[in-house]
Amino acid sequence: MPTSALSLLQPEDEDLNQVVDRSENHQSFEDTLECLKNSEFSCFCKLKKDWEKAYPKLPMKDEMILRFARCSPGSPFDSHSAWKVMKKYDWRYTTLTAKELKAQLETKIPPPFQTLFPVPGLRTIKDQPVFYMKPARYFPKETSTETIKDNLAYVLQTMSEDSLACIDGIGFVANMNDWHMKNFSKDYCFEFMKMLQGSVPSRVDMFLIVNPPTWFNTVWKIMKPMLSDEFQRKVHIIPEKKLGKYLQKGFEAYLPDEFSIGKASTDSIVEKFIAARIRIEETPP
């Protein structure tokens, strides 16, 4: 099994465990399978059998099959919806690393500088981990949609290494401060929304669009048809002062300081995330 982040982080960085931990609840994969319910194990076995029959020359690790099962769109362990995601999945995403994406994740010189990353300690009201984006940092004419998709895929998959995040879901906070139409393109929006809805094995359960401009309704009319009815119910367009309705008490301490009420250093969040992930990914299994 992969090395746990617990052994790699400094004590003061332990709040990063929830967003960098590659371990399967610190137990062997065999023990993990033993803990599954009969219906869950049956789903895993069916996906494994179907994959090996359909793609005999493209082996998939059992751990990845289980992740697809847990993150199946709709409800966890739905073999039908999980199979749809598996067949369309871009396997290039499995090769992405923090070292490879380091420049994109941390640079402050556009494009795209600190585009998207998990926020340690920040939890939804349902106790789910959260990732964050400031869309004003993205300029479609300067940065390709594929670059942003790689960043999003990497973060979603990193967070979904936690089995509870696969089943219970994660939250997404989009800080719309300073956002203008030059930061938007229909193609980028369409591809981004597809990723959030199941192009990679993950489960986004809440999407907060915070502090949008007064004219955002024009963009929302373009976005809304890109979302399933189920996912539309997960989207909340709110002012910053309403964050407390969706995030756990004390969230201000973990919220990036790009919000007026945020107290956590954005630079520090990104630097620690990248450093921890590189240590994990370069540590032999």
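Two strands count as paired if DSSP finds at least two bridges between them. With that definition in hand, the tour of this predicted model can begin.

**Stop 1: a bridge between two strands**

Select Phe172, and then select its bridge partner in β4, which is Phe207. Next, extend the selection to residues 170-175, which form strand β3, and residues 204-210, which form strand β4. These two strands run in the parallel sense and are joined over 6 bridges. As background, the strands of a sheet pair through backbone hydrogen bonds, either parallel or antiparallel.

**Stop 2: the whole sheet**

Now display every strand of the sheet. In what order do the strands of the open sheet lie? The order is β1-β2-β3-β4-β5, and the pairing is mixed. Colour β1 (116-123) and β5 (235-238) separately, for these are the edge strands, each of which pairs on one side only. From one strand to the next, the twist averages 25 degrees.

**Stop 3: a glycine in an edge strand**

Select Gly121, which is found in strand β1. Is Gly121 buried or exposed? Its relative accessible area is 18%, and buried means under 20%, so Gly121 counts as buried. Add Tyr254 to the selection: the two residues are 133 residues apart along the chain, yet their C-alpha atoms are separated by 5.7 Å.

**Stop 4: a helix among its surroundings**

Select residues 145-159, which make up helix α7. At 1.5 Å a residue, the 15 residues of this helix should span 21 Å, and the C-alpha atoms at its ends are 21 Å apart, which agrees. Then show the remainder of the chain around the helix. Because 13 of its 15 residues are buried, α7 is largely enclosed by the rest of the structure.

**Stop 5: two loops with positive phi**

Select Phe77, in the loop between α4 (62-70) and α5 (79-88). Phi of Phe77 is near 60 degrees, a positive value in a residue other than glycine. With a relative accessibility of 13%, Phe77 counts as buried. Move next to Asn211, in the loop between β4 and α10 (216-223). Asn211 also has a positive phi, near 60 degrees, and is likewise a residue other than glycine.

**Stop 6: the cysteines**

A disulfide is a covalent bond between the sulfur atoms of two cysteines. How many disulfides does the structure hold? The number is 0. Select Cys45, which is in no disulfide, and Cys43, whose sulfur is the nearest cysteine sulfur at 9.2 Å. A disulfide requires the two sulfur atoms to be within 2.5 Å. Cys45 has a relative accessibility of 31% and therefore counts as partly exposed. Select Cys35 as well: at 58% relative accessibility, this residue counts as exposed.

**Stop 7: the complete chain**

Finally, display the entire protein chain, which contains 12 helices and 5 strands. Of its 285 residues, 54% count as buried. Among the contacts with a separation of 6 or more, 73% are between residues 24 or more positions apart.

Colour the chain by pLDDT to close the tour. The average is 88, and 87% of the residues score at least 70. Where is the pLDDT below 50? Select residues 1-24 to see this stretch, which has 61 contacts in the model beyond near neighbours in sequence.

Conventions: Residues numbered from 1 in each chain as written. Predicted model: local features only at pLDDT ≥ 70, side-chain atom pairs only at ≥ 80, totals over all residues. Heavy atoms only, no water. Helix = DSSP H or I, 4+ residues; strand = E, 2+ residues; numbered from the N terminus. Expected span 1.5 Å × (residues − 1). Buried < 20%, exposed > 50% of the residue type's maximum accessible area, 1.4 Å probe, protein only. pLDDT = per-residue confidence, 0-100. Contact = heavy atoms within 4.5 Å. Axes fitted to C-alpha atoms, helices over the stretch in contact; angles between N-to-C directions.
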